[in-house]
Amino acid sequence: MLAVNEVFETIQGEGGFTGVPAVFVRLQGCPVGCPWCDTRHTWEQLPQDEVAANEVLTISGDTPKWANYSAQQLVDVLTDGRFTARHLVITGGEPCLFDLTELTAKMSDCGWQCQIETSGCAEVRCDERTYVTVSPKINMKGGLPVLTQALERADEIKHPVSMQKHIDELDQLLEPCTLARKPQICLQPISTQKRATELAIATCIARNWRLSVQTHKYLNID
Ligand code: SF4
């Protein structure tokens with residue numbers, strides 16, 4: 001079963017699919033512990049916060065409420081005609097705490113492009129057609145390592161940066177990896193800070209990487 005915190009339709013604001021209309025499925029639970037996390041309400045999967053499946057579809061705002069869905073139940077909701085987007089973003093929390101193979105295979109069979117956004121701290125289990133974005137969370141409070149399996153499955157490595165140390169950490173992390181899929185590497189300034197943005201721009205130009213800005217924060221949308 002998948003613990004679903006919310007399902008909503010918006011525009012993908014980050015990374016290689018920026019600007020693409022997308023349905024976001026946010027899963028509940030994350031042990032990573034990033035200090036700047038803006039979805040702390042997804043960290044715990046507490047029994048007292050469990051609600052009926054239909055209820056999470058109507059809740060708006062940041063709440064720790066969640067509901068159990070089978071992959072097929074979620075496919076039924078996503079494809080019943082209520083959404084126009086055909087791009088599915090599975091996020092969290094840490095979505096790779098769950099095996100996403102069945103969900104991503106069924107949605108890909110329905111003609112959707114699936115994307116997973118993960119910290120890299122859990123094994124990525126998904127259909128081969130899925131676009132995987134790893135935003136590696138290095139040395140976070142939860143003490144979890146970024147897995148080589150996740151980095152080598154990535155189609156995109158999107159790294160939050162605010163200082164040179166973060167770029168050095170990324171270099172160290174990627175150095176032992178083969179990265180046969182040749183993922184697009186994107187730097188994303190943390191919290192749209194000016195200094196972080198300047199550093200990210202300079203590094204992207206120097207290395208021919210891509211800049212990812214959190215356009216939804218500039219646009220003030222979810
Ligand atoms: S991995 Fe994502 S959800 Fe988990 S703590 Fe970090 S930013 Fe928050």
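What follows is a guided tour of one chain, moving from the overall fold to single residues.

**The whole chain**

Begin with everything displayed as a cartoon, and keep in mind that this is a predicted model. The chain holds six helices and nine strands, and its radius of gyration is 17 Å, close to the 17 Å that the globule rule gives for 222 residues, so the chain is as compact as a globular protein of that length. If you orient the view along the principal axes, the C-alpha atoms fill a box of roughly 50 × 35 × 35 Å. Of the 222 residues, 55% count as buried, and among contacts between residues at least 6 apart in sequence, 62% join residues at least 24 apart.

**The sheet**

Next, select the strands and hide the rest. Nine strands form an open sheet with mixed pairing, and reading across the sheet gives the order β3-β1-β2-β4-β5-β6-β7-β8-β9. At the edges stand β3 and β9 (210-211), each of which has a single partner strand, so one side of each is left without a neighbour in the sheet.

**From β3 through β1 to β2**

Select residues 2-11, which make up strand β1, where eight of the ten residues are buried. Add residues 67-69 to see β3, which runs antiparallel to β1 and is joined to it by three bridges; a place to look is Val 4, whose bridge partner in β3 is Ala 67. Then add residues 21-27, strand β2, which pairs with β1 in the antiparallel sense over seven bridges, with Val 7 of β1 facing its bridge partner Val 25 in β2.

**On to β4 and β5**

From Val 25, step across to Ile 90, its bridge partner in β4. Here the pairing of β2 with β4 is in the parallel sense, over four bridges. Select the whole of β4 and show its side chains: five of its five residues are buried, and both faces are covered, with His 87, Val 89 and Thr 91 on one side and Leu 88 and Ile 90 on the other. That arrangement follows a general pattern, in that side chains of a regular strand alternate between the two faces of the sheet.

Residues 113-118 form strand β5, which runs parallel to β4 and is joined to it by four bridges; His 87 has Gln 113 as its bridge partner in β5. To see how the chain passes between these two strands, add helix α2 (residues 101-109), since β4, α2 and β5 make a right-handed β-α-β unit.

**Two neighbours, Thr 91 and Arg 26**

Zoom in on Thr 91, which lies in strand β4. How buried or exposed is Thr 91? Its relative accessible area is 8%, and because the cut-off for buried is under 20%, Thr 91 counts as buried. Its side chain and that of Glu 117 are joined by a polar contact of 3.3 Å, and Thr 91 also touches Phe 24, Val 25, Arg 26 and Leu 27.

Centre next on Arg 26, in strand β2, which is also buried, with a relative accessible area of 12%. A polar atom of the Arg 26 side chain lies 2.6 Å from the backbone oxygen of Gly 92. Among the other residues that Arg 26 touches are Glu 6, Phe 8, His 41 and Thr 42; the C-alpha atoms of Arg 26 and Thr 42 are separated by 8.4 Å, although these residues are 16 apart along the chain.

**Two helices and their buried faces**

Select helix α1 (residues 71-78) and colour Ala 71, Leu 74, Val 75, Val 77 and Leu 78, which are buried. These residues cover an arc of only 160° around the axis, which puts them on the same side of α1. What covers them includes β1, β2, β3, β4 and α2.

Finally, move to the other part of the sheet, where strand β6 (residues 131-134) and β7 pair in the parallel sense over two bridges, and where Val 134 has Ile 157 as its bridge partner in β7. Then select helix α4 (residues 164-174), in which His 166, Ile 167, Glu 169, Leu 170, Leu 173 and Leu 174 are buried. Looking down the axis of α4, you will find these buried residues within an arc of 155°, so they line one face of the helix. They pack against α3 (148-153), β7 (156-161), β8 (184-189) and α5 (194-207).

How values were computed. Residues are numbered from 1 along each chain as its sequence is written. This is a predicted model: local features need pLDDT of at least 70, side-chain atom pairs count only at pLDDT 80 or more; totals for chains, interfaces and linings use all residues. Side-chain values use heavy atoms; hydrogens and water are left out. Buried means under 20% relative accessible area, exposed over 50%, partly exposed in between (1.4 Å probe, protein chains only). A polar contact is a pair of N or O atoms within 3.5 Å; within protein, one must be able to donate a hydrogen and the other to accept it, and residues adjacent in sequence count only if both atoms are side-chain atoms. Contact means heavy atoms within 4.5 Å. Two strands pair if DSSP finds at least two bridges between them. A crossover is right-handed if, with the strands pointing away from the viewer, the path from the first strand over the helix to the second runs clockwise. The arc is that of the directions from the helix axis to the C-beta atoms. The radius of gyration is taken over C-alpha atoms; the globule rule is 2.2 Å times the number of residues to the power 0.38. Lists of a residue's contacts leave out its neighbours within four places in sequence.
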